[in-house]
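Me: I would like a close look at one part of this model, the sheet, with enough of its surroundings to place it. Please work through it strand by strand and then go on to the helices.

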Amino acid sequence: MPLILETIVTTQGPDGALHLVPFGLIQEGEDYVVAPFRPSPTILNLEHSPYLAAAAPADIRVIAGCVTGRRDWPTLPCTRIPGRRLADAYGHRELEVVETRDDPVRPRFRCRVVHEEAHRVVAGDNRARAAVLEAAILSTRLHMLAPEKVAAEMRYLHIAVAKTAGAAEREAWSWVEDKVAAALGWGEAERLPVPDDP
């Protein structure tokens with residue numbers, strides 16, 4: 001299996017509008033592949049302008065927000081390519097599409113890194129952050145998974161959030177849990193409480 005890096009990808013449309021979306025970049029040698037499912041604004045944007053920025057968000061709320069309809073996050077101009085990148089990032093890469101493999105379901109855009117920068121120190125890993133990331137990905141697959149499987153996964157991921165989350169992780173978790181609860185018809189009894197700061 002290839003290495004997949006979970007990032008926030010930014011592309012730009014014909015009208016100049018930005019599209020921010022969580023994407024797993026698939027490593028192939030020194031290049032990375034973006035493979036969105038149709039229909040996708042990312043596909044249309046890359047066909048118009050074959051560049052993207054991929055950022056490692058410093059705030060997990062960006063990923064949780066993007067999968068729950070909160071896409072308005074601050075951006076900055078890219079250094080070497082047209083467009084913009086996520087502002088609050090540990091680092092980012094700017095990539096150019098060098099090959100497109102068309103497909104009626106999931107085209108693949110092979111991209112080459114033309115620039116990369118580090119912006120913030122990574123102080124350490126956090127289990128709640130990782131759990132929110134997994135829950136966010138899970139929330140995009142609700143149409144593919146049995147409700148009991150989703151519930152079991154959420155219960156397991158909740159353990160790390162309850163034990164190790166800061167304020168940002170708690171808020172991000174609440175957004176994702178709201179999405180899952182609405183999709184599965186959960187009432188208050190099924191929700192998983194996350195304690196406030198002591």
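In what sense do strand 1 (residues 4-12) and strand 4 (residues 51-57) pair, and over how many bridges?

Reply: The model is a predicted one, and what follows should be read as a description of that prediction. Strand 1 and strand 4 pair in the antiparallel sense, and three bridges connect them. Two of the residue pairs can be named: Ile8 has Ala55 of strand 4 as its bridge partner, and Thr10 has Ala53.

This pairing is one part of a closed barrel of six strands. The order around the barrel is 1-2-3-8-7-4, and the pairing is antiparallel. Direction ignored, neighbouring strands of this sheet are turned by 45° against each other on average.

Strand 1 also pairs with strand 2 (residues 18-28). That pairing is antiparallel as well and runs over nine bridges. One of the partnerships joins Ile4 to Ile26 in strand 2. The hairpin of these two strands has five residues between the strands, and Gly16 takes a positive phi there, near 85°.

Ala17 belongs to the loop between strand 1 and strand 2. Is Ala17 buried, partly exposed or exposed? Its relative accessibility is 37%, and the partly exposed class lies between the 20% and 50% cut-offs, so Ala17 counts as partly exposed. Not counting residues up to four places away in sequence, Ala17 touches Thr11 and Gln12. Thr75 is 58 residues from Ala17 along the chain, and the C-alpha atoms of the two are separated by 12 Å.

Thr11 and Gln12 also appear in the surroundings of Asn45. Asn45 sits in helix 1 (residues 41-48). With neighbours within four places in sequence left aside, Asn45 is in contact with Thr11, Gln12, Gly13, Pro14 and His19. The relative accessible area of Asn45 is 8%, which is under the 20% cut-off, so Asn45 is buried.

Going on around the barrel, strand 2 pairs with strand 3 (residues 31-34) in the antiparallel sense, over three bridges. Glu28 has Asp31 of strand 3 as its bridge partner. Two residues lie between the strands in this hairpin, and Gly29 takes a positive phi near 65°.

The side chains of strand 3 can be sorted by direction. In a regular strand the side chains alternate between the two faces of the sheet. Asp31 and Val33 point one way from strand 3, Tyr32 and Val34 point the other way, and all are buried.

On its other pairing, strand 3 meets strand 8 (residues 108-118). Strand 3 and strand 8 are antiparallel and share three bridges. Val34 stands opposite Phe109 of strand 8.

Between strand 3 and helix 1 there is a loop that includes Pro39. The peptide bond from Arg38 to Pro39 is cis, with omega near -10°.

The helices remain. Helix 3 (residues 127-139) and helix 4 (residues 147-164) have axes that come within 8 Å and cross at roughly 155°. That angle is over 145 degrees, so helix 3 is roughly antiparallel to helix 4. The crossing of helix 3 past helix 4 is left-handed. From helix 3, the contact uses Arg127, Ala128, Ala131, Val132, Glu134, Ala135 and Leu138. From helix 4, the residues are Val150, Glu153, Met154, Leu157, Ala160, Val161, Lys163 and Thr164. By class, this contact of helix 3 with helix 4 has 10 nonpolar, one polar and four charged residues.

Helix 4 also packs against helix 5 (residues 167-184), at an angle of about 160° and with the axes 12 Å apart. This angle too is over 145 degrees, and therefore helix 4 is roughly antiparallel to helix 5. Helix 4 passes helix 5 in a left-handed crossing. Pro147, Val150, Met154, Leu157, His158 and Val161 of helix 4 meet Trp173, Glu177, Val180 and Leu184 of helix 5. By class, the contact of helix 4 with helix 5 has eight nonpolar residues, one polar and one charged. Val150, Met154, Leu157 and Val161 of helix 4 are in the contact with helix 3 and also in the contact with helix 5.

Note on methods. Residues are numbered from 1 along each chain as its sequence is written. This is a predicted model: local features need pLDDT of at least 70, side-chain atom pairs count only at pLDDT 80 or more; totals for chains, interfaces and linings use all residues. Side-chain values use heavy atoms; hydrogens and water are left out. Buried means under 20% relative accessible area, exposed over 50%, partly exposed in between (1.4 Å probe, protein chains only). Helices (H or I, at least four residues) and strands (E, at least two) are DSSP runs, numbered from the N terminus. Two strands pair if DSSP finds at least two bridges between them. Axes are lines fitted to C-alpha atoms, for helices over the stretch in contact, and angles run from 0 to 180 degrees between N-to-C directions. Angles under 35 degrees count as roughly parallel, over 145 as roughly antiparallel, 65 to 115 as roughly perpendicular and the rest as oblique. A crossing is left-handed if the near helix is turned anticlockwise from the far one by less than a right angle, and right-handed if clockwise. Contact means heavy atoms within 4.5 Å. Ala, Val, Leu, Ile, Met, Phe, Trp, Tyr, Cys and Pro count as nonpolar, Asp, Glu, Lys and Arg as charged, and the others, Gly among them, as polar.
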